[in-house]
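Here is a short report on a protein–DNA model. It covers the contacts to each DNA strand and then the relation between the protein copies.

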There are 2 protein chains.
Amino acid sequence: MLIGEYEHSLDAKGRLIMPAKLREDIGEKFIITKGLDGCLFGFSQNEWTNFEEKLKTLPLTNKNARDFVRFFLSGATECEIDKQGRFLIASNLREYAEMEKEVAIIGVGTRIEIWNKEKWKKYNSDENISADAIAENMTMLGI
Amino acid sequence: MLIGEYEHSLDAKGRLIMPAKLREDIGEKFIITKGLDGCLFGFSQNEWTNFEEKLKTLPLTNKNARDFVRFFLSGATECEIDKQGRFLIASNLREYAEMEKEVAIIGVGTRIEIWNKEKWKKYNSDENISADAIAENMTMLGI
DNA sequence: AACAAAGTGCTTATTGGTGAATATGAACAT
DNA sequence: ATGTTCATATTCACCAATAAGCACTTTGTT
């Protein structure tokens, strides 16, 4: 289970340390893609192949399907964690998520998310995540 | 699995570098043809025969289907990657996809797509990929 | 035959990815 | 407090991938 919040920084070449506590669960090789709300998603191999299988079934003739597949697959990269625990974030993904240096990495159960740190702070301070709203959603889900 | 987004440029003779990360999957010889949404499609030998098979199943009695088949087959060319990792894009295909110099190559699972870079940027900034639509599709696919 | 256009191949410079070495800093034990 | 260990940060050097320019070959045209 991928959990926790970590802050790290990109090096000059755009590499990032994978927090030691996430390393085991995410695996040595994993996939990052463009995510929602301006962050990047990171999936373990298992989660990803699942997802790929589903994408493959979508029809080429349907424009919505093409758009969706393009978004995820064109935005995807396989990453490998090096001996020093770092991995490279492709430049187009860095650009997409507007990452300069300071980055937040968070575990979200089945995936990780990588955020520009400022954006993450801001996102957290917004009303989208007021305790009330969350509580409401919890009751909706029957928790 | 063909994934990722790469930006490269045509040389004076209309040749293009095949990004190193796609080379293995697409194979030394592959097929490019006119694609949908103004780009070119590129298939590995295997995927191409696959695709041909699917086209063959379409009813020749239906004009739409005939048009569809002609569209893909008439534009198809075999490409070979040279020692320096480049391949030539036939001039009629370059013209079809309105390629001048700057080009985006993307991996979309079973095929690659080659876009005029500007067109690709524009396509990405359009609403075809609103966050809402993506989120919706994600839940549909159970992610 | 002469020329132009298109295609092929080589050579060089530059960029960006990769790996190694070292430094910093926190957590913990003595 | 002091030393030890582990995780993270930073820097440097090297190598592979790509860009760009040029020259040669082939093909088709006049």
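Ser9(B) places a polar side-chain atom 3.5 Å from a phosphate oxygen of DNA strand D. Such a polar contact is a pair of N or O atoms within 3.5 Å; within protein, one must be able to donate a hydrogen and the other to accept it, and residues adjacent in sequence count only if both atoms are side-chain atoms. This is a predicted model: local features need pLDDT of at least 70, side-chain atom pairs count only at pLDDT 80 or more, and totals for chains, interfaces and linings use all residues. Side-chain values use heavy atoms, without hydrogens and water, residues are numbered from 1 along each chain as its sequence is written, and chains are lettered from A and ligands numbered from 1 in the order in which they are written.

The table lists side-chain N or O atoms and their DNA partners.

| Residue | DNA partner | Distance |
|---|---|---|
| Arg23(A) | phosphate oxygen, DNA strand D | 2.7 Å |
| His8(B) | phosphate oxygen, DNA strand D | 2.8 Å |
| Arg15(A) | base oxygen, DNA strand C | 2.8 Å |
| Gln84(A) | base nitrogen, DNA strand C | 2.8 Å |
| Arg86(A) | base nitrogen, DNA strand C | 3.3 Å |

**DNA strand D.** There are 20 residues around this strand, and His8(A), Arg23(A), His8(B), Ala20(B) and Arg23(B) come nearest. A residue is near a strand if one of its heavy atoms lies within 4 Å of it. Of the DNA strand D atoms within 4 Å of the protein, 88% belong to sugar or phosphate; the rest belong to bases. The nearby surface divides into 8 nonpolar, 4 polar and 8 charged residues. Here Ala, Val, Leu, Ile, Met, Phe, Trp, Tyr, Cys and Pro count as nonpolar, Asp, Glu, Lys and Arg as charged, and the others, Gly among them, as polar.

**DNA strand C.** The residues around this strand include Lys13(A), Lys83(A), Leu88(A), Lys13(B), Arg15(B) and Gln84(B). Sugar and phosphate account for 23% of the DNA strand C atoms that come within 4 Å of the protein. By class, the surface has 2 nonpolar, 2 polar and 8 charged residues.

**The two copies.** How does chain A map onto chain B? A turn of 24 degrees and a shift of 11 Å along the axis lay chain A on chain B with an RMSD of 1.2 Å. The superposition is by least squares on the C-alpha atoms of residues with pLDDT of at least 70 in both. Only 15% of the interface residues of chain A are also interface residues in chain B, so the copies meet through different surfaces. Contact means heavy atoms within 4.5 Å.
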